Amino acid sequence: MANFGELVLVLGDLHIPHRANAIPEKFKRMLVPNKMQHVICTGNLGSKDQYEDLRNLAPNVHVVCGDFEYTNTMPENAAPPSSTTPSSFPETRVVQVGDFRIGVVHGHQIVPWGDHMALSMMRRKLGCDILVSGHTHKNEVVEHEGYYHINPGSITGAYSCVTDVVTPSFVLLAVQGSKVVCYVYELIDGEVDVSKTEFTKTIAGDGDILIDEAFLLAHNVTFKTSSQLLLQAQVIGVAGMVVSGMATVGQILLGLVK
């Protein structure tokens, strides 16, 4: 079997049962337990049952607190949480996967919501290479200032005050050292649509970051001079190519987790 590295499921804004009944069945069938190493959730699970479901998917589950988190609304006489169910989630987290520091925040703390300049301030605060956030219920994979901002959207397609139309979506990351393949899954008209983004990070040393030239050439990205390959220390060495379009579930996710 091909080595796809560490698989990271990224999802959020479930809002079950308040705004949605369940994860769409076509997505549920794709989420095979113990085939992924990490689950990253941007919060707003809806209930502790959803947290337990995430724990069944992977050995490492990383959840941040949403603005409508069930742990914030538990009544005083509620039963105490079990040893495996936390009574609260942190506002932010940083997860190391391969060579990447992945920062996680729900996103309601970012003003304006979803603004990439504001997100970049949080990314710098957390000192991460990739920032994962939610709240807008709209999926995005955006390169900003040489770093990546990832929003998995709402996996249930739950209602949002930010947008009138919410497309159910989630993200899968395949991390191999300094390289990431990012798959975005959307449920459109009852069918699963997949888009793919690839990026890499190579550290040249002594504070300078060098883009992986071989990776760029393989994707038909060229520079006129070699000096243009060298970036200063304030710019992260992440180079990316976005490849969008239709792909079958079997070719992408199921092919990875078999």
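The following conversation goes through some side-chain contacts, a pocket and a few backbone features of a predicted model.

Colleague: What makes Phe27 and Phe170 an aromatic pair, and why is the pair called edge-to-face?

Modeller: The ring centres of Phe27 and Phe170 are 4.9 Å apart, and rings pair if their centres lie within 6.5 Å, so the two count as a pair. Their planes stand at 90 degrees, and because an angle over 60 degrees counts as edge-to-face, that is the name the pair receives. By this rule the count comes to 5 aromatic pairs.

Colleague: Why is Phe27 with Phe170 said to tie together parts that are apart in sequence?

Modeller: Phe27 belongs to helix 1 (residues 25–28), whereas Phe170 belongs to strand 9 (residues 169–176), so the contact joins parts that are 143 residues apart in sequence. Both Phe27 and Phe170 are buried, and together with Tyr185 they form one aromatic cluster.

Colleague: How do you know that Phe100 and Phe199 are an aromatic pair?

Modeller: The centre-to-centre distance for Phe100 and Phe199 is 6.3 Å, which is within the 6.5 Å cut-off, so the rings pair; with 90 degrees between the planes, the arrangement is edge-to-face. This pair also links distant parts of the chain, since Phe100 is in strand 5 (residues 100–105) and Phe199 is in strand 11 (residues 191–201), 99 residues apart.

Colleague: Why are Phe100 and Phe199 called buried?

Modeller: Buried means under 20% relative accessible area; Phe100 has 0%, so Phe100 is buried, and Phe199 has 1%, so Phe199 is buried as well.

Colleague: What makes Lys201 count as lying over the face of Phe100?

Modeller: Lys201 lies at 5.9 Å from the ring centre of Phe100, and the distance condition is within 6 Å, joined to a condition on direction, within 35 degrees of the ring normal. Another case is Arg19, whose charged end sits over the ring of Phe68, 5.8 Å from its centre.

Colleague: Why is the contact of Asp129 with Lys201 called a salt bridge?

Modeller: The closest N and O atoms of Asp129 and Lys201 are 2.8 Å apart, and the limit is 4 Å between a side-chain nitrogen of Lys or Arg and a carboxyl oxygen of Asp or Glu, so the contact qualifies. The pair links distant parts of the chain, with Asp129 in the loop between helix 3 and strand 6 (130–133) and Lys201 in strand 11, 72 residues apart. Asp129 is buried, and so is Lys201.

Colleague: What makes Arg124 and Glu145 a salt bridge, and are these residues buried or exposed?

Modeller: The N to O distance between Arg124 and Glu145 is 3.4 Å, which is within 4 Å, so they meet in a salt bridge. Arg124 lies in helix 3 (residues 116–126) and Glu145 in the loop between strand 7 (140–144) and strand 8 (147–151), so the contact ties together parts that are 21 residues apart in sequence. Neither word fits, because partly exposed covers what falls between under 20% and over 50%: Arg124 has 48% relative accessibility and counts as partly exposed, and Glu145, with 37%, is partly exposed too. Arg123, Arg124 and Glu145 are linked in a network of salt bridges, and a search of the whole structure finds 6 salt bridges.

Colleague: What lines the largest pocket, and how do its residues divide?

Modeller: The lining includes Leu11, Ile16, Lys28 and Asp53, and its residues divide into 7 nonpolar, 3 polar and 2 charged. Helix 2 (residues 48–55) gives the largest share of this lining, 3 residues, and about 220 Å³ of space lies in the pocket.

Colleague: What makes the backbone at His15 and at Pro17 worth pointing out?

Modeller: Most residues other than glycine have a negative phi, and most peptide bonds are trans. His15 has a positive phi of about 55 degrees although it is not a glycine, and at 2% relative accessibility His15 counts as buried. The peptide bond from Ile16 to Pro17 is cis, with omega near 10 degrees. His15 is found in the loop between strand 1 and helix 1, and Pro17 lies in the loop between strand 1 (6–11) and helix 1.

Definitions and conventions. Residues numbered from 1 in each chain as written. Predicted model: local features only at pLDDT ≥ 70, side-chain atom pairs only at ≥ 80, totals over all residues. Heavy atoms only, no water. Phe/Tyr/Trp six-rings, centres within 6.5 Å; stacked < 30°, edge-to-face > 60°. Helix = DSSP H or I, 4+ residues; strand = E, 2+ residues; numbered from the N terminus. Buried < 20%, exposed > 50% of the residue type's maximum accessible area, 1.4 Å probe, protein only. 1 Å grid on protein atoms, 1.4 Å probe; cavity = no way out; pocket = protein on both sides within 12 Å on 5 of 7 lines; lining within 4 Å. Points joined across faces, edges and corners; volume = space filled by probe spheres on them. Nonpolar A, V, L, I, M, F, W, Y, C, P; charged D, E, K, R; others polar.
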